[in-house]
Amino acid sequence: MLQSFYKSDNKDFTLVQGDCIEVLRNLNFKFHTIFADPPYFLSNGGISVQSGKMVSVNKGEWDKSKGFEHNHNFNKNWLEACKEHLLDNGTIWVSGTFHNIFSVAQQMTMLGFKILNCITWQKTNPPPNLSCRYFTHSTEFILWAKKSEKSKHFFNYDLMKEINGGTQMRDIWNLPAIGKWEKKFGKHPTQKPLPLLARIILASTKENDWILDPFAGSSTTGIAASLLGRRFLGIDQENQFLELSKKRREEIGSINIRYEYREKILKYSDKKLSDIFELKESEVYYGKDLPID
């Protein structure tokens, strides 16, 4: 049986250290939803701006490109592993930029997924373009797909409409990058904001559903899942980011912190806090548990 790096007391949040393909090969379990933030292969020696300072774009060896063929095959392999662990009525979300998202979309199509939407996340606070020789990069893309052409999937259409002020939500989402309050224990170089993951989770899952993140990083997916009454498995190879994830989950063990973060999430919604978060603070989870010690 697989061993956990960390498991929360109520078992809603589990971390496993390792390569996601190897871990999933040894796991007999299927998930309602998968969110994946795979390498964008952007670590090429360039520079960017962070908190007003010039910084390197290099994030680590895991983000360095080894050429198109290698990158394309990498996307095939992890997507294939994830599909084996997705319920027939489940969906998968994959984030990226133009550097990797076209490869991901092609591999998804070849593997039989049915792409439902390509969400454009328009950042309200993007870093400036230092070269002044091309347009400022201010968006990322998130593909949303179901397991096959014929499979049925869950979409919380009514809630998304209410969050959007009573009109159909479009595929362009105006949301900020991560705030200071999300970096209390440190920051992953590709960390996503909680309001973004909260919207994804609310759109495609129900209470107590299981969510997988094969490239967990600082586990924003898991924090959002726990705040919203879902259950989470995160896989990552880096010890420092698993420790960061653990600290983030233990922080929201506090009822006051949970409520504060839920309010921050709903800052970008037209729906009241009490209308979405109906679970009591003594949240109880039902159903099958992960076969992980």
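This passage walks through a predicted model of one protein chain, from its overall make-up to two pairs of packed helices.

To start with the broad picture, the protein chain holds nine helices and 11 strands. It runs to 293 residues, and buried ones make up 50% of them. The accessible surface adds up to about 14600 Å², with 49% of that belonging to carbon and sulfur atoms. As for how the chain folds back on itself, the contacts to look at are those between residues at least 6 apart in sequence; 72% of these join residues at least 24 apart.

Helix pairs come next. Two packed helices are described by the angle between their axes and by the distance between those axes. Take α5, spanning residues 194-204, and α6, spanning residues 220-227: their axes lie 9 Å apart and meet at an angle of about 60°. That angle makes α5 oblique to α6, because the oblique class takes in what is left between the roughly parallel range, under 35 degrees, and the roughly perpendicular one, 65 to 115. The crossing of α5 and α6 is right-handed. On the α5 side, the contact is made by L194, L197, A198 and I201, while α6 brings in T220, T221, I223, A224 and A225. Sorted by class, the residues of this contact come out as seven nonpolar and two polar, with no charged ones. A bit of helix geometry is handy when reading such lists: an α-helix has 3.6 residues a turn, so residues three or four places apart point the same way.

How exposed or buried are these two helices? For α5, 11 of the 11 residues are buried, so the helix is largely enclosed by the rest of the structure. The buried set in α5 includes R199 and S204 as well as L194, L197, A198 and I201, which were met above in the contact with α6. Helix α6 is mostly covered too, with eight of its eight residues buried. Among them are T220, T221 and S226, along with G222 and L227.

The stretches around α5 and α6 have some backbone quirks. N208 sits in the loop between α5 and β10, the latter being residues 210-213. This residue is not a glycine, yet its phi is positive, near 75°. Further along, S219 lies in the loop between β10 and α6. It is another non-glycine residue with a positive phi, in this case about 65°. S219 counts as buried because its relative accessible area is 0%, and the cut-off for that label is under 20%. Just after α6 comes G229, where phi is again positive, at about 80°.

The second pair is made of α2, residues 68-84, and α3, residues 101-110, which pack at about 50° with 9 Å between their axes. These helices are therefore oblique to each other. The crossing of α2 and α3 is right-handed. Here α2 contributes N71, H72, N73, N75, K76 and L79, and these meet S103, V104, Q106, Q107 and M108 of α3. The class tally for this contact is three nonpolar, seven polar and one charged.

Putting the two pairs side by side, α5 and α6 have their axes 9 Å apart, and for α2 and α3 the spacing is also 9 Å. The make-up of the contacts reads differently: seven nonpolar and two polar residues for α5 with α6, against three nonpolar, seven polar and one charged for α2 with α3.

Note on methods:
Residues numbered from 1 in each chain as written. Predicted model: local features only at pLDDT ≥ 70, side-chain atom pairs only at ≥ 80, totals over all residues. Heavy atoms only, no water. Helix = DSSP H or I, 4+ residues; strand = E, 2+ residues; numbered from the N terminus. Buried < 20%, exposed > 50% of the residue type's maximum accessible area, 1.4 Å probe, protein only. Contact = heavy atoms within 4.5 Å. Areas by Shrake-Rupley, 256 points an atom, 1.4 Å probe, with all protein chains shown as cover. Axes fitted to C-alpha atoms, helices over the stretch in contact; angles between N-to-C directions. Parallel < 35°, antiparallel > 145°, perpendicular 65-115°, else oblique. Left-handed = near helix turned anticlockwise from the far one by under 90°. Nonpolar A, V, L, I, M, F, W, Y, C, P; charged D, E, K, R; others polar.
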